[in-house]
Amino acid sequence: MTTADPSTPPDDPYLAPRAVDDLSTCAFNHTIDLPGHGTVEGAWDLRAGLDAYLGGVAVAGKRVLDFGATSGFLGFAMEARGAEVVAYDFAGEAVWEMVPYPDFERAVIAPEIRNHLHRFENAWWYAHAALDSRARRAGGSLYGVPEAVGPVDVAVLGNALTRLRDPFRALHGVLRLTRETVVVTEMLPKSLHLLRFLPRSLGLPVFLLPRSNQRIRFDAWWTIAPTTMQELLAILGFGESAVTYHRQTLLGQKRLCYTVVARRTEPTNPEL
Ligand SMILES: C[S@@+](CC[C@H](N)C(=O)[O-])C[C@H]1O[C@@H](n2cnc3c(N)ncnc32)[C@H](O)[C@@H]1O
């Protein structure tokens, strides 16, 4: 039996601050400039395209949720623009939902993923100290952002939803805590670039990413057309939205992304 720490309120959703000063224990998902350390490289470099990635939303003075924060670049960048930031990502035993192909060795991969997530979290604390940040980090399953994290004015969901088996459920969990604006940015695979020209009248598609004959993608589930994303947001009470397109750098290559910015027009129904 474990004894609860009497200094931590039972409904406190935030992770206890940790001192991480060994860069070798960290994994940076984004390239980030850290005072006293210089530039630390990550797979994504969003520095030049930050405005586009955030859909041009002004965050100064807003309470913002950085959903799927990984090592934190987006949240720290929004904090630099005057936002109060809560970063949220997997923590503890929670782990990505991997595609269960018949020969997929979950027992082997899951501990590796957990280790990877832990290294992202280390990087977040490392950057947090270097930037003298006041951002807070909460964690658990992406389906279960705790009520106590909200309310937030702005929720930013960058390239996270389509990695989940049930993006609608995750979106609902976040939007019930979001007062004003949601920003959803997703990458479009090359084969689906034409989605930017898809008229709404042709339907609102979602595309499956995993393939039984390749079994390469075990960590991503869907491509959601921008129009479909707008509709999902409208169903959840964010009825005014606009889509923009931009290219961002992933491993040195430019990738087409879309961003939907949606404003709340109605309350989110709390029932799922
Ligand atoms: C590429 S990172 C996004 C980082 C940041 N929000 C951004 O916009 O660049 C993907 C996010 O989705 C989460 N995620 C959920 N399921 C995942 C999966 N199956 N594979 C990879 N990432 C997954 C990760 O924990 C992380 O928060």
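Which of the 18 residues around the ligand come nearest? In this predicted model, the answer is His30, Tyr53, Gly68, Asp89 and Gly158. Two of these also show up when polar atoms are paired off. The side chain of His30 places an N or O atom 2.6 Å from an oxygen atom of the ligand, and the side chain of Asp89 has one 2.7 Å from a ligand oxygen. Asp219 joins in through its backbone, with a polar atom 2.9 Å from a nitrogen of the ligand. On its own the ligand would expose 580 Å², and the protein buries 97% of that. As for the make-up of the shell, eight of its residues are nonpolar, six are polar and four are charged.

Away from the ligand, the next thing to look at is the packing. The largest nonpolar core counts 50 residues, and the ones touching the most other members are Leu65, Phe67, Leu157, Leu171, Val182, Met229 and Leu233. Both helices and strands feed into this core: β4 (63-67), β5 (84-90), α3 (106-130), β7 (152-158), α4 (167-175), β8 (178-187), α5 (226-235) and β12 (253-263) each give two or more residues. The largest share, five residues, is from α3.

Phe67 gives a feel for how these pieces meet. Setting aside neighbours within four places in sequence, Phe67 contacts Tyr88, Leu142, Val145, Val156, Leu157, Gly158, Ala160, Leu161, Ala170 and Val174. Gly158, then, turns up twice: in contact with Phe67 and among the residues that come nearest the ligand. A separate core of 36 residues lies apart from the largest one, and its members include Trp44, Val64, Cys257 and Val261.

Terms used
Residues numbered from 1 in each chain as written. Predicted model: local features only at pLDDT ≥ 70, side-chain atom pairs only at ≥ 80, totals over all residues. Heavy atoms only, no water. Near = heavy atom within 4 Å. Polar contact = N/O pair within 3.5 Å; in protein donor to acceptor, adjacent residues only side chain to side chain. Areas by Shrake-Rupley, 256 points an atom, 1.4 Å probe, with all protein chains shown as cover. Nonpolar A, V, L, I, M, F, W, Y, C, P; charged D, E, K, R; others polar. Core = buried A, V, L, I, M, F, W, Y, C linked by side-chain atoms within 4.5 Å. Buried < 20%, exposed > 50% of the residue type's maximum accessible area, 1.4 Å probe, protein only. Helix = DSSP H or I, 4+ residues; strand = E, 2+ residues; numbered from the N terminus. Contact = heavy atoms within 4.5 Å.
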